[in-house]
Amino acid sequence: MYLCTQIRILYKILINIVSMNIKDRVESLQAQVEKMNAANQQELETLRLKFMSKKGEMGELMDEFKALPKEEKAQWGQTVNALRQTIEARFNDLKTQLAEKNEAVQEKTDLTRTPDSVEMGSRHPLSLVREEIVDIFSRIGFTVADGPEVEDDRHVFSLLNFAPEHPARDMQDTFFIEKEEGVQKPTDILLRTHTSSVQTRIMLSQQPPIRVLCPGRVYRNEAISARAHCFFHQVEGLYIDKNVSFADLRQTLLYFAKEMFGADTKIRLRPSYFPFTEPSAEMDISCDLCGGKGCAFCKGTGWVEILGCGMVDPNVLEACGIDSKVYSGYAFGMGVERITNLKYRVKDLRLFSENDVRFLSQFESC
Ligand code: PHE
């Protein structure tokens, strides 16, 4: 008898705990429903999952409700049902509100409106001129070759007849790259000073006829001013075949000068020195500002220098595995900045690398 009373009391306590739980849950849900809100479809879906799915709040409440003893079920049935209806009604309200909002946005969107204009970029003057140079030479059979900017001494100097420690190396001082100390220290890794290094790579890997143009960025350690740049751009050319003569070189360069600067352009070759060409020359074109009479731009001479050139030194051909008794060739190299300057009269070379749109946009129509 005593045991029976005990069990009954325990049972009552248990029922109380369960209904306490359901009470808490119902109250908490009622509070949350009032705050239910969704700014977009995604938030609405989150609400649906949180409250209405089987594993959501309502699902759990139903599980708890089902576990209640009979008399408790009767007490809570109506409340739970009402709560479910409130949640569903709130959800449907939010759904309608969102749909209406979307419609309003769509009504306001004018699909026939002229779109905002897109600012088009322009080609960089150096790219324009490089492409023009390449275009002119490609019309007479030159193809384009590319090579690394981080080079080694062999391809930039040794193969091109620059003896070690020879003063000619001072003509092209550059930046040497060292690897981490203690690991390996190859002092012969450097930034290329000219794209002639691409020419050595071509000569090492191909047999003549070779007719190639090498455009690219090159580096020199020249502190002309504190703000001077240590790189510029070149286009170099190389032609090797049987019986190539200085006359071929001169005629090719005359053709280039006329195509680039106009049919009236004259050229003049002055003797010069490069370790990799023999004979070597600097080429001037007639000053197109004064028509050759002499002005401030050409310093009164009527001529402006535009490139270096010469016949490839037999030592270079041999070093690169080409028989200098069978083949001969010419090479030339020009600075793209210089040619661009002559073409567009850009006063300050720094403008080429400052990315100032007021300067760059002037070349849009070129
Ligand atoms: N490589 C030379 C320079 O960068 C230019 C050049 C190329 C001169 C080929 C002669 C022949 O100054």
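So, the accessible surface of the protein chain: that comes to about 22,000 Å², and 53% of it belongs to carbon and sulfur atoms. Keep in mind that what we're looking at is a predicted model.

Staying with the whole chain for a moment, there are 366 residues, and 40% of them count as buried. If you go through the secondary structure, you'll find 11 helices and nine strands. And how do the contacts run along the sequence? Take the contacts between residues at least 6 apart in sequence: 67% of those join residues at least 24 apart.

Okay, now zoom in on the ligand. There are 14 residues around it, and the ones that come nearest are His-194, Ser-196, Arg-220, Gln-234 and Glu-236. Sorted by kind, the shell has five nonpolar, seven polar and two charged residues.

Which atoms pair up here? Look at His-194 to begin with: an N or O atom in its side chain is 2.9 Å from a nitrogen atom of the ligand. Glu-236 also has a side-chain N or O atom facing a ligand nitrogen in our list, at 2.7 Å. With Gln-234, the partner is an oxygen atom of the ligand, and a polar side-chain atom of Gln-234 lies 2.8 Å from that oxygen.

How much of the ligand does the protein bury? Taken alone, the ligand exposes 320 Å², and 93% of that is buried by the protein.

Last bit: where does the shell come from? Three elements give two or more residues each: β5, at 231–241, β8, at 303–312, and β9, at 328–335. The largest share is from β9, with three residues.

Methods: Residues numbered from 1 in each chain as written. Predicted model: local features only at pLDDT ≥ 70, side-chain atom pairs only at ≥ 80, totals over all residues. Heavy atoms only, no water. Near = heavy atom within 4 Å. Polar contact = N/O pair within 3.5 Å; in protein donor to acceptor, adjacent residues only side chain to side chain. Areas by Shrake-Rupley, 256 points an atom, 1.4 Å probe, with all protein chains shown as cover. Helix = DSSP H or I, 4+ residues; strand = E, 2+ residues; numbered from the N terminus. Nonpolar A, V, L, I, M, F, W, Y, C, P; charged D, E, K, R; others polar. Buried < 20%, exposed > 50% of the residue type's maximum accessible area, 1.4 Å probe, protein only. Contact = heavy atoms within 4.5 Å.
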